[in-house]
Amino acid sequence: MPLASRAVVFGLREAGVGVALVGLIIIFSFLSPYFATTSNFTSILAQVSINTILAVGMTFVILIAGIDLSVGSVLALSTVVGAKLLTSDLDLAISIPLTVVACVGVGALCGLFNGFVTEWWRVPSFIVTLGMMSIARGSSQVISNNVTITGMPKIFKDFGNWQIFDLVPVYFIIAIAIVFIAWFVLRFTIFGRFIYAIGNNEEAVRLSGHNPMPFKISAFLICGLLAGLAGLVFLLRLKAGSPIAAVGWELTAIAAVIIGGTSFAGGKGSVIGTFFGVCLLQVLGTGLILVGVEDNVRTIIIGLVVVAAAVFDTYRSRIIASLRAR
């Protein structure tokens with residue numbers, strides 16, 4: 001019975017958010033004639049794509065009880081670097097592959113820096129990534145000279161405009177692939193098991209003869225790498241590299257992870273829940289706009305949803321703790 005109870009409690013994470021998401025879709029479809037339309041659905045999927053990639057990376061970091069406040073700025077930096085390469089005099093056969101590598105590479109380097117400084121010098125990740133947020137944002141402003149970079153090659157624009165069945169943007173498929181890969185890594189690999197184990201009890205991992213540092217640094221590296229990939233997707237979608245892109249998006253990513261059921265204390269959560277959390281936030285935000293809720297009120301409502309999710313997570317953790325004590 002305890003085992004069954006635990007399974008039910010853990011299952012509430014994804015199932016609860018999924019049910020809430022479906023409920024919101026139904027409600028907004030009745031409240032606004034513009035919600036359940038093809039164009040709105042495509043628009044939601046487009047924004048979900050970028051936020052999902054950011055939030056999946058954030059999930060890895062929060063699972064080890066860390067935080068990364070720099071992902072929005074890293075995204076902006078990668079878009080500027082990518083846009084610079086795409087608008088350079090290089091041949092397209094070189095500039096496009098180089099852009100992909102550069103965007104992902106810039107993000108990975110930023111993530112590696114965050115992880116190394118956090119773990120090697122035992123500095124709280126909040127402080128380190130707060131510093132990286134300024135470093136990456138400032139670097140994007142310097143590289144772009146505070147100007148949005150446009151003029152992407154036609155082949156790049158055409159790929160970014162491609163939609164499957166004239167409905168699903170190509171970058172949504174990229175986001176789903178990232179979710180699947182991350183789910184597989186966390187659930188079926190030794191690396192994933194160590195990520196959960198470190199979040200649950202880092203000292204126990206250390207006493208078992210394993211060094212948590214490489215795994216924790218890798219979690220930050222993955223988060224940065226995916227922020228760079230999100231920057232590439234941003235570039236595909238908007239066809240411009242902007243130094244002011246993604247301001248505050250790190251908070252949206254964190255909110256999606258928490259709403260999706262990942263515990264801030266680490267060790268509990270999944271990228272499937274994170275994906276549902278991203279979708280729920282996007283559907284809620286879009287739906288409130290379409291029913292005429294003003295910006296300030298919309299921000300308050302979304303904030304209340306995040307707080308409610310955090311409260312629910314606290315109570316769920318207590319229930320799980322009581323079940324384990326039996």
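**Two serines in a predicted helical chain**

Reader: In which helix does S49 lie?
Author: The model is a predicted one, and the assignment for this serine is taken from it. S49 belongs to the helix that spans residues 38–63, and that helix is α2.

Reader: Is S49 buried or exposed, and what is its relative accessible area?
Author: The cut-off for a buried residue is a relative accessible area under 20%. S49 falls under that cut-off and therefore counts as buried, its relative accessible area being 0%.

Reader: Which backbone oxygen does the side chain of S49 reach?
Author: A polar contact requires a pair of N or O atoms within 3.5 Å. The side chain of S49 meets this requirement with a distance of 2.6 Å, and its partner is the backbone oxygen of L45.

Reader: Leaving aside neighbours within four places in sequence, with which residues is S49 in contact?
Author: Contact here means that heavy atoms lie within 4.5 Å. Once the neighbours within four places in sequence are set aside, the residues in contact with S49 are Y171, F172 and A175.

Reader: Where is S78 found, and what is its relative accessible area?
Author: S78 is found in helix α3, which covers residues 71–86. With the cut-off for buried set at under 20%, S78 is classed as buried because its relative accessible area is 0%.

Reader: From the backbone oxygen of which residue does a polar atom of the S78 side chain lie 2.8 Å?
Author: The distance of 2.8 Å has to be set against the limit for a polar contact, which is within 3.5 Å. The backbone oxygen at that distance from a polar atom of the S78 side chain is the one of L75.

Reader: Leaving aside neighbours within four places in sequence, which residues is S78 in contact with?
Author: The same reasoning applies to this serine, with contact taken as heavy atoms within 4.5 Å. Without the neighbours within four places in sequence, S78 is in contact with C103, A227, G228, G231 and L232.

Reader: How many helices and strands does the protein chain have, and what is its radius of gyration?
Author: The secondary structure of the protein chain comes to 12 helices and two strands. The globule rule gives 20 Å for 326 residues, and the chain is close to that, so it is as compact as a globular protein of that length, with a radius of gyration of 20 Å.

Reader: What share of the contacts with a separation of 6 or more comes from residues 24 or more positions apart, and what share of the residues is buried?
Author: Among contacts in the protein chain with a separation of 6 or more, residues 24 or more positions apart account for 80%. Of the 326 residues of the chain, the share that counts as buried is 51%.

Conventions: Residues are numbered from 1 along each chain as its sequence is written. This is a predicted model: local features need pLDDT of at least 70, side-chain atom pairs count only at pLDDT 80 or more; totals for chains, interfaces and linings use all residues. Side-chain values use heavy atoms; hydrogens and water are left out. Helices (H or I, at least four residues) and strands (E, at least two) are DSSP runs, numbered from the N terminus. Buried means under 20% relative accessible area, exposed over 50%, partly exposed in between (1.4 Å probe, protein chains only). A polar contact is a pair of N or O atoms within 3.5 Å; within protein, one must be able to donate a hydrogen and the other to accept it, and residues adjacent in sequence count only if both atoms are side-chain atoms. The radius of gyration is taken over C-alpha atoms; the globule rule is 2.2 Å times the number of residues to the power 0.38.
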